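Subject: Handover of a structure and notes on its contents

Dear colleague,

Please find below the structure that I am handing over to you. My notes on it follow directly after.

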Amino acid sequence: MLALVTGGNGMFAGDLAPILEDEGYDVILCDIEDFDLCNEDAVRNYILAAKPDLIIHAAGYTNVEQAEAEPELAMNVNGLGTKYVAHVAREIDVPLVYISTDYVFDGEKKTQYVPDDATNPLNVYGKTKLEGENYVKEICERYYIVRTSWLYGTYGKNFVQTMLMHKNDEEIKVVNDQIGSPTWTVDLADGIIKILNMPYGTYHVSGSGKCSWYEFACEIFSAVGADVKVIPVPSVEVPQKAKRPAFSSMKPSIKTKNWKESLKNYLFISELEVD
Ligand SMILES: NC(=O)c1ccc[n+]([C@@H]2O[C@H](COP(=O)([O-])OP(=O)(O)OC[C@H]3O[C@@H](n4cnc5c(N)ncnc54)[C@H](OP(=O)(O)O)[C@@H]3O)[C@@H](O)[C@H]2O)c1
């Protein structure tokens, strides 16, 4: 079985590939140097030539802040690019896994989001990812939309690494009025392996439990024994271009590890100093 993974140079794909290989897949990791998602012919020609049995579409325009300044490009990559991938998946009749986001929700709900909850993205990134979801549903019969949240892992820029860059600081301000569920890329990859044996549809795969960015930061510093004073602040004190949902925690559709346990596992594997 051959799995083609878009976004092959990205954070998630780096952890997904060895997990797919352990499951017996041959893996093609492809990225923008192989084809630009904005070029329909390039997308189609590359995938047709590769002849995959499964496509995992992890590529995307993922810079949430920058997307506010480049809405057209973000839509072309996340919306139209996903449409092109979906068309080829249908043409060759293989399952398509599309990685989406908790930012398709507006954060007004008071309990964890489930896949059937109404979407209403607040920022450009969320709108473009939802557009991608809609194309996948419209075009493919054999699809898995897998929404995840607050991803961190070894192979990309993320909140955990940003906090660790501040581990020798005296203090740091972190927002405490956005609640979500941190997710280790390895847990997302393991979740996708399980979901591949389940009916087609939309799933949520996040670390179980929820926290604010402030609580997440406290847990990171505590796990590495860093004596940083974390100061909780409201979002308005940290001006950002993209509006974020105040509450975007999703109920995992399958059993996942608690986010604190996974954070410790990640830090241990990263050979960082853990208490
Ligand atoms: N990170 C999170 O917190 C998070 C949360 C929820 C959902 N997600 C979703 O999870 C997936 C994986 O996220 P990630 O953090 O692993 O992303 P990532 O590290 O930013 O990787 C995305 C990859 O897509 C590539 N790409 C961008 N534009 C492209 C184009 N026009 N044509 C072809 N490839 C292009 C990027 O290449 P360049 O680097 O060269 O641009 C990059 O290698 C994404 O779909 C994202 O929307 C992420």
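I begin with one residue pair: in β2, the bridge partner of Leu4 is Ile28. The chain passes from β1 through α1 to β2, and this β-α-β crossover is right-handed. Please bear in mind throughout that this is a predicted model. Strands β1 and β2 are paired in the parallel sense, over five bridges.

The sheet

These two strands belong to an open sheet of six strands, in the order β2-β1-β3-β4-β5-β10, with parallel pairing. At its edges stand β2 and β10 (201-204), each with a single partner strand, so one side of each has no neighbour in the sheet. From one strand to the next, the twist averages 20°. Towards the β10 edge, β5 and β10 pair in the parallel sense over four bridges, and Tyr144 has Gly201 as its bridge partner in β10.

The helices on the sheet

Helix α1 packs on the sheet, where it touches β1, β2, β3 and β4; its direction makes about 165° with that of β2. Helix α5 (residues 124-139) lies across β4 and β5 and runs at about 155° to β4.

In α1 (residues 11-22), the buried residues are Met11, Phe12, Ala13, Asp15, Leu16, Ala17 and Leu20. Their cover includes the strands β1 (2-6), β2 (26-30), β3 (54-57), β4 (96-101) and β6 (151-152), together with the helix α7 (185-195). Just after α1, Gly24 adopts a positive phi of about 95°.

Helix α7 has its own set of buried residues, namely Thr185, Val186, Asp187, Leu188, Ala189, Gly191 and Ile192. Among the elements that cover them are α1, β4, β5 (143-148), β6, β9 (183-184) and α9 (259-269). One link between the two helices can be followed residue by residue: leaving aside neighbours within four places in sequence, Leu16 is in contact with Val5, Ile56, Ala58 and Ala189.

The nonpolar core

Leu16 also appears in the largest nonpolar core, which has 75 residues; Val5, Leu16 and Leu96 are those with the most contacts inside it. Helix α4 (residues 71-91) gives the most to this core, with seven residues.

A residue in a loop

Is Arg142, in the loop between α5 and β5, buried or exposed? The residue has 14 other C-beta atoms within 10 Å. A buried residue would need 20 or more, and an exposed one 12 or fewer, so Arg142 counts as partly exposed. Apart from neighbours within four places in sequence, Arg142 is in contact with Val94, Pro95, Leu96 and Tyr200. Of these, Tyr200 lies 58 residues away from Arg142 in sequence, yet the two are 6.0 Å apart in space, C-alpha to C-alpha.

The chain as a whole

The secondary structure comes to nine helices and 12 strands. The radius of gyration is 18 Å, close to the 19 Å given by the globule rule for 275 residues, so the chain is as compact as a globular protein of that length. Along the principal axes, the C-alpha atoms fill a box of roughly 55 × 35 × 35 Å. Of the 275 residues, 46% are buried. Among contacts with a separation of 6 or more, 81% join residues 24 or more positions apart.

With kind regards

Definitions and conventions. Residues numbered from 1 in each chain as written. Predicted model: local features only at pLDDT ≥ 70, side-chain atom pairs only at ≥ 80, totals over all residues. Contact = placed C-beta atoms within 7 Å. Pairing = 2+ DSSP bridges. Right-handed = clockwise from strand over helix to strand, strands pointing away. Axes fitted to C-alpha atoms, helices over the stretch in contact; angles between N-to-C directions. Core = buried A, V, L, I, M, F, W, Y, C linked by C-beta atoms within 7 Å. Rg over C-alpha atoms; globule rule 2.2 N^0.38 Å.
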